[in-house]
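Subject: Structure handover, with notes on salt bridges

Dear colleague,

I am passing on the structure we spoke about, so that you can open it alongside these notes. Please look through it first, and then read on for what was found.

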Amino acid sequence: MAALEDPKPTPMMAQYLRLREEAGDALLFYRMGDFFELFFEDAKRAAAILDIALTTRGEHGGQAIPMCGVPVHSAESYLARLIKAGCRVAIAEQVETPEEAKARAKREGLPSSKVLVGRAIVRLVTAGTLTEEALLEPRRANVLVALAELRGSVGIAAVDVSTGAMVLEECAADTLGAVLARLSPSEVVVPEDWSHGPEEAIYRPRTTFASDAGAERLKAVHGVATLDAFGVFTRAMLAAAGGLVAYLDHVGRGSLPLLLPPVLRETASTMAMDAATRGSLEILESAQGARAGSLIGAVDRCVTGAGSRLLAEDLSAPLLDAAAIEARLALVQFWRDRPIERAQLRDILRAIPDLGRALGRVVAGRGSPRDLGQLRDGLSEAARLHHWLTGAPDKPALLADVIARLTGHGALTDHLSRALVPSPPTERSSGGFIADGYDAALDELRATSGDARRAIAAMEARYREETGIATLKIRHNGVLGYFIEVAARHADALMAPDSGFTHRQTMAGAVRFNSLKLHEEAARIAEAGGHALACEEAHFEALVAEVVAARENIAASAAALARLDVGAGNAERAAEGDWCRPEIAEDSGLAITAGRHPVVEAALAKTGERFVANDCQLAADNRLWLIGGPNMGGKSTFLRQNALIVLLAQAGCFVPASAARIGLVDRLFSRVGAADNLARGRSTFMVEMVETAAILAQATHRSFVILDEVGRGTSTYDGLALAWAVAEAVHSQIACRCLFATHYHELARLAETCEALSLHHVRAREWQGDLVLLHELADGPADRSYGLAVARLAGVPANVVARAKAVLAKLEATREATGGIAAGLGDLPLFANLKPAEPEPASPEQQLAEALRAADLDALTPREALDLLYEWKRTLPGSGR
């Protein structure tokens, strides 16, 4: 940037350029009065994103300086748009007052008239470190992740900075993608030069990712001598934690946000799902990137943001522990059976503020009196819930645990209730948030200020009477303070030397004056007001310190309220949709009666249509279903609905079915639908094969796999061959539960050799030339594909359909004559019985070439070389002896 090469910048520009260099790749918000200003390339970039005016200011390096700005009071809304656009923002604030700047200039022997107020970057605003309410989505967690690899294992440290919840775990390098897909981080931090980091990762010095330093940082944050009470963490986890805390310290400029004690997560404790499966099942967002149309959009009935965030976590990481799943289901059942109490609970929860995020802002030093008021109100309601629920009969174990964590804040809430006004303001700079009667000294200061204001009102009346000027007013502004104002035509009387008034300012139609008495009263107001503000600020800091000391207990209560909300919300959804409680089993069966797809059913309900339910019964001797039928007949919906029912059940939710028995699934795989990944140079077929390869490499006998149209992206022969081989491998090598939808009728012959494979199809009928899709699953192979009927239904011109019908008749006649493209496949042995083919013996020519390559010609004598030539000649066919 040529404009930055000016050899003699002004003091302000020199300060800006120093901060600009320190900001690195972040946009620099440079505070000037009531605005954050951006200059040079920062201004161009921000103006384009924010759609605000780009102007110029002065010159630098012989060029006009591009600039734009945003008001400080509304900066959060602009920050939100910049963060959403992928920017990072450095906030440069004034770190000294003008008086302090002048004192510094005096110490340094500089002219006080030219001294520049000191500024410094006080914070980096990044996607993963947001705490402000206006910058966060209430129903979505905001996760920051740090990664560190040690000896082939990747340590993962994840934290939601807005609530302080921190989790440490470890995984193999080849499963990192699946773990990151589960965490769905807003920002990922990795060591510099680490080649395995995800795209858009933030690279930080490798020295900050040392395991020993990580352990020490965690001990210092939590004030403990050992981490044993939190869990046994590996070195890779501690290295990642060290990098995470160091990054938070860097962006906070030495001020850390709320960090709760780290929780150890065993990766093997939750169902594994890779990114492709999560995208295919649209768990947290639809294919269009929206919450609407996703699983959570159809399931979530929580009334708090914290509850919705916890439900998203549950759905992202379904459990593998049957006892833990049953505990969640029992909580849902408790509220499902009590509709009146459930409604009362939800009304109470709906009015409770987001305690976790209010606590996060307070601990991070960005809290307001309103946040303290939210903590007061929320904890008071939690105590009321504790009192109400303690006497409830037949409480499940999880509810009893939740209730126990709702109390213990009596002293704090009592203190906050006495100290704060009923509705504290969001800003504390103007005071007014400490309640009357809390501090006698503060009350006295307020009384003094109030008395002085009344005295000024009396003074105004007296001056009007003494001067005879009925329009005389005593006004106030931020520059002059209090002053007397009269119309210009009355000014002469107050200009007289013996009038007792002093001229201050002449306006277009008015003249302003001061008086000794007014000056004295103004000084009293300013002094009392300043002392009152300082007193309120001191009380605020004391209250914050009290909250910070109780942060872990407050966070526990916030988490308990979220779990209550999830349990009651899931019960509400179950009652609303007549969902059932699934039975969790340790075997490898799957028995779903009248299962439905929650998202599709909800969409159909809006139009008054009914969803057609279907059964799915998989067992050890019938674990692979081959499903045929026409497009749009419901094959993909059937596949997905069963995968979602398994996911919901192991997340601890009721499921959309009449009955469900779920054998625990360790890994869930979905290869349904694909799209070109042009960014990585992958076609649809390549994406399909990569996903299929992952399934064949990672699935176990306890997994559940849904496959849709494997092999459709290539030639018919290649596609059929691949689909045949994949079906065999799933059946005979992996031996897992699988639903396999296909249009290859030839695959039905697999039922002759695969004893655990059964044939099914979605029913359809043609009636008077129209295709009727019944969306019902029936036993047996599909009789036909109805492809031409679907094409006609989609609006393909009639002449094209007619031509296709003629071509189809010719192809089918040829197939009948030759036995079809699958002729002879029945003679193949099963996939598992195939042995590697014996290599064909090398030809004499190949043997001669290998011998020639192996000969060391430089080491041969002439006699040895001649003998070799004779020997090689004898090995060739047709040569004489």
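Does glutamate 133 count as buried, exposed or partly exposed, and what is its relative accessibility? Please keep in mind that the model is a predicted one. Glutamate 133 has a relative accessibility of 46%, and it counts as partly exposed because buried would require under 20% and exposed over 50%.

The side chain of glutamate 133 meets that of arginine 370 in a salt bridge, with 3.0 Å from N to O. Glutamate 133 sits in the loop between β6 (119-125) and β7 (143-150), whereas arginine 370 belongs to helix α14 (residues 369-390), so this pair ties together parts that lie 237 residues apart in sequence. Arginine 370, for its part, has a relative accessible area of 30% and is partly exposed.

A second pair is formed by glutamate 485 and arginine 475, whose side chains meet in a salt bridge at 3.1 Å, N to O. Here the link runs between strand β14 (residues 481-487), which holds glutamate 485, and strand β13 (residues 473-477), which holds arginine 475, the two residues being ten apart. Glutamate 485 is buried, at a relative accessible area of 15%, while arginine 475 is partly exposed at 36% relative accessibility.

Returning to the earlier pair, salt bridges with shared partners join Glu133, Arg361, Arg370 and Asp371 into one network.

Glutamate 96 also forms a salt bridge, with arginine 104, where the closest N and O atoms are 2.5 Å apart; glutamate 96 counts as buried, at 15% relative accessibility. The structure holds 45 salt bridges, these pairs among them.

With best wishes

Conventions:
Residues numbered from 1 in each chain as written. Predicted model: local features only at pLDDT ≥ 70, side-chain atom pairs only at ≥ 80, totals over all residues. Heavy atoms only, no water. Salt bridge = Lys/Arg side-chain N within 4 Å of Asp/Glu carboxyl O. Buried < 20%, exposed > 50% of the residue type's maximum accessible area, 1.4 Å probe, protein only. Helix = DSSP H or I, 4+ residues; strand = E, 2+ residues; numbered from the N terminus.
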